[in-house]
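Student: Could you take me through one strand of this model in close detail, with its charged side chains and its partners in the sheet? I would like a single connected account rather than a list.

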Amino acid sequence: MPSSYCIVLKKGLFLLLFFMFIYPPLTGLAHSSLEKTYPKEGEKLNSSPESIEVWFQDPVVLHSESIKVKDNSGNYIDTGKAFVDPVDKTHIISKIPGDLPSGLYIAEINVIALDGFVINEELKFQVTNDEEIIKQD
């Protein structure tokens, strides 16, 4: 009996070691996450931002519609193509040509982590142009 027990134990140990070497460690499967944004989530700005900026934990892959901005009515605002900051590979920037009128906006962020995971985030912010408020009075 003891010899059959040893054979089963050796086979089990062999299988355990085999699977440990075949499968990558779970820490290598972590996805990049959003670290911070400009504007901040829910922020009220006194003037239109010049850009939408996001920082991720790790570098990400961009595509033509990585950052899109829409107004409260669901109409998309023309923005510049998103690009990676050459100094900081985790920093993504999309310029906003011209001034956004007062209102609520949603920036839709869609990038791909280096492990292939698609990251979708929404950033809501509000623009309250002081000049427009003064003109209405």
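Tutor: In this predicted model, E108 counts as buried, with a relative accessibility of 16%, and this places it below the 20% limit used for that class. The residue is a good point of entry to strand β5, since K70 forms a salt bridge with E108 in which the closest N and O atoms are 3.2 Å apart. That pair links distant parts of the chain, with K70 in strand β5, E108 in strand β9 and their positions 38 residues apart in sequence. Both partners, K70 and E108, are buried. The link also appears as a polar contact between the side chain of K70 and the side chain of E108, at 3.2 Å.

E108 has a further partner in K68, with which it forms a salt bridge whose closest N and O atoms lie 3.9 Å apart. Because K68 lies in strand β5 and E108 in strand β9 (residues 103-113), this pair ties together parts that are 40 residues apart in sequence. K68, at 26% relative accessibility, counts as partly exposed. K68 also forms a salt bridge with E65, and here the closest N and O atoms are 3.7 Å apart. E65 is partly exposed as well, with a relative accessible area of 43%. The structure holds three salt bridges, and E65, K68, K70 and E108 are linked in a network of such bridges. In a regular strand the side chains alternate between the two faces of the sheet, a general pattern to keep in mind when reading along the strand.

The surroundings of K70 can be described further through its contacts. Leaving out residues up to four places away in sequence, K70 touches N75, Y76, I77, L104, Y105, I106 and E108.

D71 belongs to strand β5, which spans residues 67-71, and its situation can be set beside that of K70. D71 is buried yet has no salt bridge, and the nearest side chain of opposite charge, that of K70, is 8.3 Å away; the pair is not counted as a salt bridge because the definition requires a side-chain nitrogen within 4 Å of a carboxyl oxygen. What the side chain of D71 does reach is the backbone nitrogen of S73, at 3.0 Å. Apart from neighbours within four places in sequence, D71 is in contact with I77, L104 and Y105.

These details belong to a strand that is mostly covered, since four of the five residues of β5 are buried. On the side of β9, the two strands run antiparallel and five bridges join them, with I67 standing opposite I109 in β9. β5 is also joined to strand β6 (residues 76-77), again in an antiparallel arrangement, by two bridges, and there V69 stands opposite I77 in β6. β5 and β6 form a hairpin with four residues between them, and G74, in the turn, has a positive phi of about 90 degrees.

Taken together, β5 pairs with β9 through five bridges and with β6 through two, while the salt bridges of K68 and K70 with E108 add side-chain links to β9, and D71, although buried, has no salt bridge.

Note on methods
Residues are numbered from 1 along each chain as its sequence is written. This is a predicted model: local features need pLDDT of at least 70, side-chain atom pairs count only at pLDDT 80 or more; totals for chains, interfaces and linings use all residues. Side-chain values use heavy atoms; hydrogens and water are left out. Buried means under 20% relative accessible area, exposed over 50%, partly exposed in between (1.4 Å probe, protein chains only). Lys and Arg count as positive and Asp and Glu as negative; His and the chain ends are not counted. A polar contact is a pair of N or O atoms within 3.5 Å; within protein, one must be able to donate a hydrogen and the other to accept it, and residues adjacent in sequence count only if both atoms are side-chain atoms. Contact means heavy atoms within 4.5 Å. Two strands pair if DSSP finds at least two bridges between them.
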